[in-house]
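Colleague: I should like to go through this protein with you step by step. Please explain the reasoning behind each answer as you give it.

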Amino acid sequence: MGVEQLSALELGQKIKDKEITAMEAVQACFQVMDEKEPDIHAYIQADREAAMEQARHVQQGIMEGKYTSPLAGVPVAVKDNICTKNTATTCASRILENYVPPYDAHVVERLKAAGAVILGKTNMDEFAMGSTTETSAMGVTKNPRNTEHVPGGSSGGSCAAVAADEAFAALGSDTGGSIRQPSAYCGVVGMKPTYGMVSRYGLIAYASSLDQIGPVGKNVYDCGALLELISGPDLKDSTCCAQGPLDLSRLWQRRGQSLEAVAQGLKGLRIGIPEEYFSGGIDPTVRAAVLNAARTMKEGGAQVEYFSLDMVDYMIPAYYIIACAQASSNLARFDGVKYGYRADQTQDLHDMYKKTRAEGFGWEVKKRILLGSFVLSSGYYDAYYIKALKANRKIKEAFDQAFEKYDMILAPAAPTPAPKLGTSLTDPLKMYLSDIYTVAVNLAGLPAISLPCAVTGEGLPIGLQLLGQRFHDAAVIEAGAAYEALRGDWKALRADVKDASVGGKEAL
């Protein structure tokens with residue numbers, strides 16, 4: 001096994017044991033980038049010199065006892081909508097292509113304080129608006145598992161970098177599934193924490209009430225270690241309401257023990273499966289794979305059953321109305337006056353505004369700004385935006401009622417495996433509907449983890465989600481780790497729809 005194939009925690013331990021240096025780990029990542037990046041394009045920018053200099057500094061700090069985190073010396077990638085001091089942060093948009101923040105986001109400060117080494121900034125859908133990483137102004141990212149397919153989005157670059165061994169872990173942002181869906185497409189583990197668990201200070205906003213920074217890793221333990229590192233209170237973010245860093249002591253106690261000990265994360269858990277998620281447009285292979293996973297969880301000691309989740313039909317409309325309305329407000333600041341791109345040869349101030357935004361934003365961003373401006377306009381605010389907020393309240397209540405009976409909810413991460421490049425952009429409505437299983441988590445502010453559970457006949461990953469109650473992030477991670485241990489190698493699990501018992505209620 002090469003260095004680049006180690007998990008983040010395995011690498012951190014080897015660095016601590018002086019078997020590998022932080023510089024060697026960084027060099028391993030860049031060697032993989034040299035080979036794969038021309039085809040995959042997971043990064044917008046990756047600075048070898050800066051990363052090596054940081055690695056040397058961290059290595060010295062590890063030897064002096066300054067850095068004791070389990071991720072000290074581990075190379076990590078950061079999504080390009082998270083601010084990094086003196087390094088361009090573009091949101092994959094022409095309008096911010098030359099923007100260099102004068103400060104680090106709170107999560108980046110936490111990474112640096114723990115001794116993690118930042119490799120570079122990963123590609124994304126422009127301003128996180130998209131589900132395939134094809135709307136980026138900096139070029140398309142491809143899925144490392146099959147380069148004819150998309151990696152998902154908007155955190156497709158972060159997930160592709162981890163899947164391709166170009167980073168040991170990464171940070172993404174999740175507004176409506178933007179960590180969990182690409183994690184499922186790329187065969188990695190990604191988590192959307194409870195809203196307020198991680199500071200959003202330094203995250204360039206898409207929809208402020210929905211956005212949340214989260215980790216991407218090669219396994220559940222890597223995700224847990226990274227989330228433990230970046231979570232906790234921040235006085236600079238009034239929406240960050242965590243009382244302290246996430247406590248995963250129970251997870252670390254079980255790690256490395258027997259399968260039975262790790263499986264305690266599932267023992268006695270009441271897991272509900274929404275019936276509505278398994279009807280309609282779900283791909284049969286996804287249906288079979290997720291229900292096979294449910295059977296594995298039941299064999300591991302969980303109580304698994306179907307239930308009806310109300311409000312499913314309203315989730316996508318409510319999400320896109322709220323998200324676009326907030327986006328139209330948040331993106332109003334990009335006007336060519338204070339920073340970013342400014343159009344040339346304009347006649348007056350208003351002409352400069354119009355040309356700057358017309359030339360600086362891509363089509364997907366423009367569509368969402370227009371939709372958001374429309375639903376906030378006079379005469380339509382009550383008819384659309386207020387109704388969407390009321391629907392959102394009902395969606396939260398539906399989940400609250402479900403969690404009175406269940407500890408956790410099991411769902412697919414996406415209705416299909418990763419589509420081929422170019423197919424989603426030709427049918428925007430289909431692309432929006434692909435978020436059906438993920439947006440409700442953001443609307444309700446819940447924690448959810450996505451992890452692979454099988455592959456298709458073509459070798460494309462299939463992912464599932466585990467949803468928990470607000471601020472029960474540790475329980476979600478423990479359950480994910482237990483399933484991961486019981487599942488074994490997901491690449492060896494073929495989703496087989498020929499078995500008539502798979503895909504029906506009799507599977508449970």
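Colleague: How far apart are the mean positions of the positive and negative charges of the protein?

Modeller: Please note that this is a predicted model. The protein carries 51 positive and 59 negative charges. The mean position of each set was taken, and the two mean positions are apart by 3 Å.

Colleague: What radius of gyration does the protein have, and why does it agree with that of a compact globule?

Modeller: The protein has 508 residues, and a compact globule of that length would have a radius of gyration near 23 Å. The value for the protein agrees with this, because its radius of gyration is 22 Å.

Colleague: What percentage of the residues count as buried?

Modeller: A residue is buried if its relative accessible area is under 20%. Of the 508 residues in this predicted model, the share that counts as buried is 61%.

Colleague: How many aromatic pairs are there in the protein?

Modeller: Two rings pair if their centres lie within 6.5 Å. By this rule, the number of aromatic pairs is 14.

Colleague: Which kind of aromatic pair do Tyr 99 and Tyr 339 form?

Modeller: The ring centres of Tyr 99 and Tyr 339 are 5.6 Å apart, with 40 degrees between the planes. Planes under 30 degrees apart count as stacked and those over 60 as edge-to-face. The angle for Tyr 99 and Tyr 339 falls under neither heading, so the pair is tilted.

Colleague: How many residues apart in sequence are the parts that Tyr 99 and Tyr 339 tie together?

Modeller: Tyr 99 lies in the loop between strand E2 (75-79) and helix H4 (106-114). Tyr 339 lies in the loop between helix H11 (312-330) and helix H12 (349-360). The pair therefore ties together parts whose separation in sequence is 240 residues.

Colleague: Is Tyr 99 buried or exposed?

Modeller: The limit for a buried residue is a relative accessible area under 20%. Tyr 99 has a relative accessible area of 17%, so Tyr 99 is buried.

Colleague: How does Tyr 339 count in terms of accessibility?

Modeller: Buried means under 20% and exposed means over 50%. Tyr 339 has 31% relative accessibility, so Tyr 339 counts as partly exposed.

Colleague: Which residues do ring pairs link into a cluster with Tyr 99 and Tyr 339?

Modeller: Tyr 99 and Tyr 339 form an aromatic pair. Ring pairs link these two residues into a cluster whose other members are Phe 127, Phe 334 and Phe 361.

Key: Residues are numbered from 1 along each chain as its sequence is written. This is a predicted model: local features need pLDDT of at least 70, side-chain atom pairs count only at pLDDT 80 or more; totals for chains, interfaces and linings use all residues. Side-chain values use heavy atoms; hydrogens and water are left out. The radius of gyration is taken over C-alpha atoms; the globule rule is 2.2 Å times the number of residues to the power 0.38. Buried means under 20% relative accessible area, exposed over 50%, partly exposed in between (1.4 Å probe, protein chains only). Lys and Arg count as positive and Asp and Glu as negative; His and the chain ends are not counted. The place of a charge is taken as NZ of Lys, CZ of Arg, CG of Asp or CD of Glu. Rings of Phe, Tyr and Trp (its six-membered ring) pair if their centres lie within 6.5 Å; planes under 30 degrees apart count as stacked, over 60 as edge-to-face and the rest as tilted. Helices (H or I, at least four residues) and strands (E, at least two) are DSSP runs, numbered from the N terminus.
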